[in-house]
Amino acid sequence: MECSDELKPLLAGFVDGELTTVERQAVEEHVAQCADCRELLDEQRAAAEAYDQYPIEDVGDDDWDVMWASLDAELPEPTKRVDLETLASATTEEETESTEEGDAPAEAADEGDVPQIVPGEQGDAADEVVVSPEAQEPVAETEEKRVVRLPKRRPERPRVFKPLRFRRMRHTLWAHAAGIAACLLVAAMVYLSARPVIRVDDFARDGEVVVGLDFSESQGVAYQVFGGADGEGEIPLVWIVDVTDDGMIIEKGIQ
Amino acid sequence: MEPSDVPNREVSAEPGATREPSDAMRRVASQVGEVASEDARLVGAAQEGNREAFGRLFEKYRGTAYGIAYRFLGRREDALDTVQEAFSKAFAAIGTFRGGASFKTWFFRIVTNASLDLRRSRAVRKAGSLDGDEAYEPPSRRSEAASPLVVAERHELKDEIEAALEAIPETNRTAFVLYAIEGVSYREIAEILNISIGTVMSRIFYARQKLQNILTGKDLGPDENLTDAESQ
């Protein structure tokens with residue numbers, strides 16, 4: 001591997017152990033023969049070690065606890081789930097207690113007439129007993145309990161499926177339209193994503209091209225200098241997206 | 001402007017897609033896979049509202065996030081504010097996280113952007129201050145138990161490095177700072193910054209070269225063209 005602008009960035013990868021096996025061997029062979037690159041390699045190591053000395057102030061557990069308390073307060077409340085069996089048994093126990101106290105409700109002997117807990121339709125207050133409409137025996141109200149009688153439920157009807165010829169046809173038309181729109185969208189994206197590849201050599205050399213990267217503009221921007229070597233005038237020309245062997249993949253225009 | 005990209009180097013949109021991995025890279029890849037699996041479980045639980053999962057993610061990444069923010073901002077309080085802001089944003093948006101990238105790189109991108117935003121707004125405020133009344137706030141010394149001489153040396157080194165970093169273009173500096181964070185690889189930096197691994201390598205190379213030249217006195221200032229590519 002020759003000493004070139006291609007090789008030099010690999011020295012950083014070599015220092016950091018981020019090269020492939022082939023790249024590492026190539027760098028090792030070259031550095032063994034090139035004093036300039038050996039010096040660059042030493043500079044890379046020195047810079048890395050210098051920055052490793054950058055002191056960072058510690059943060060105590062108290063600070064993290066305060067931060068977590070603030071973050072925790074922003075988190076949404078988890079959804080609570082009611083154990084229906086527990087709720088049902090608890091309601092039954094309450095009814096038994098009220099019976100023992102006298103003025104007992106006229107509980108039917110049959111099990112089927114015992115006030116049923118209807119899942120999901122609990123009384124609004126803790127002192128209410130929800131009674132299903134199927135209960136035959138009247139449930140007398142007591143001082144402690146107020147009976148809430150649910151409206152009768154309509155029997156569930158079987159779902160009737162109407163002839164769907166027209167509806168199915170309408171759905172098919174919508175599906176076709178959506179498919180065509182999706183194809184057009186993909187085609188548009190492919191067209192728009194085609195980016196011209198411009199070889200680096202297409203730009204004039206000899207000080208007339210300055211490549212600068214401004215992270216605040218999201219990606220790289222290449223500036224073409226007009227006015228010759230004195231650098232008169234800089235106009236943002238392209239937006240560097242990627243670098244390949246064929247050159248820079250760019251998008252024209254200011255981003 | 002300084003050249004900072006690798007010219008004419010084969011890279012692909014998918015980091016590592018065309019690179020033959022070394023043994024070290026394979027080991028890292030397996031470790032990354034394990035971390036990604038744990039994070040996927042935690043994120044899934046957090047998306048279902050599991051508070052413990054949120055807490056676990058906070059404990060796992062708060063230290064590294066603070067390191068990133070501190071290296072960009074240089075101040076403890078600013079770094080803590082940025083970390084809290086980043087976690088708040090990440091937790092609020094976790095329902096939209098689809099797992100295309102790893103949670104780690106997704107979250108570190110949020111931290112990086114928040115740090116850079118605060119840094120830029122500080123620069124704007126400083127530039128707009130007419131009276132120059134922004135007093136310098138010395139870093140908190142609460143946690144430093146070393147002798148005053150050591151503390152002074154540390155601050156001098158810190159100031160020296162920060163001054164040198166100011167002269168490095170932001171794109172190069174960002175990649176360089178991120179790599180200094182323990183546990184962040186070239187591949188992860190590429191994902192965070194949405195660039196290729198080759199570009200990461202190039203930016204780090206030129207940032208280090210600039211830093212070293214400044215620290216050793218070879219560089220005369222931020223306008224100096226230092227790299228070999230530019231000097232030719």
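"Buried" means under 20% relative accessible area, "exposed" means over 50%, and "partly exposed" sits in between (1.4 Å probe, protein chains only). This is a predicted model, where local features need pLDDT of at least 70, side-chain atom pairs count only at pLDDT 80 or more, and totals for chains, interfaces and linings use all residues. Residues are numbered from 1 along each chain as its sequence is written, chains are lettered from A and ligands numbered from 1 in the order in which they are written, and side-chain values use heavy atoms, with hydrogens and water left out.

**Exercise 1.** Work out which residues of helix α4 of chain A are buried and which are exposed.

*Solution.*
- Step 1: find the helix, residues 61-74 of chain A. Helices here are DSSP runs (H or I, at least four residues), numbered from the N terminus.
- Step 2: pick out the buried ones, A:Trp64, A:Met67 and A:Leu71.
- Step 3: look down the axis; the buried residues fall within an arc of 65 degrees (taken from the directions from the axis to the C-beta atoms), so they line one face of α4(A).
- Step 4: flip to the other side, where A:Asp62, A:Val66 and A:Ala73 are exposed.

**Exercise 2.** Find what the buried residues of α4(A) pack against.

*Solution.*
- Step 1: use contact, meaning heavy atoms within 4.5 Å.
- Step 2: look across to chain B, where the partners are α2 and α3 (76-93).

**Exercise 3.** List the contacts of B:Phe103, skipping neighbours within four places in sequence.

*Solution.*
- Step 1: start with B:Asp39 and B:Val43.
- Step 2: add B:Leu57, B:Tyr61, B:Ile94 and B:Phe97.

Methods. Helix = DSSP H or I, 4+ residues; strand = E, 2+ residues; numbered from the N terminus. Expected span 1.5 Å × (residues − 1).
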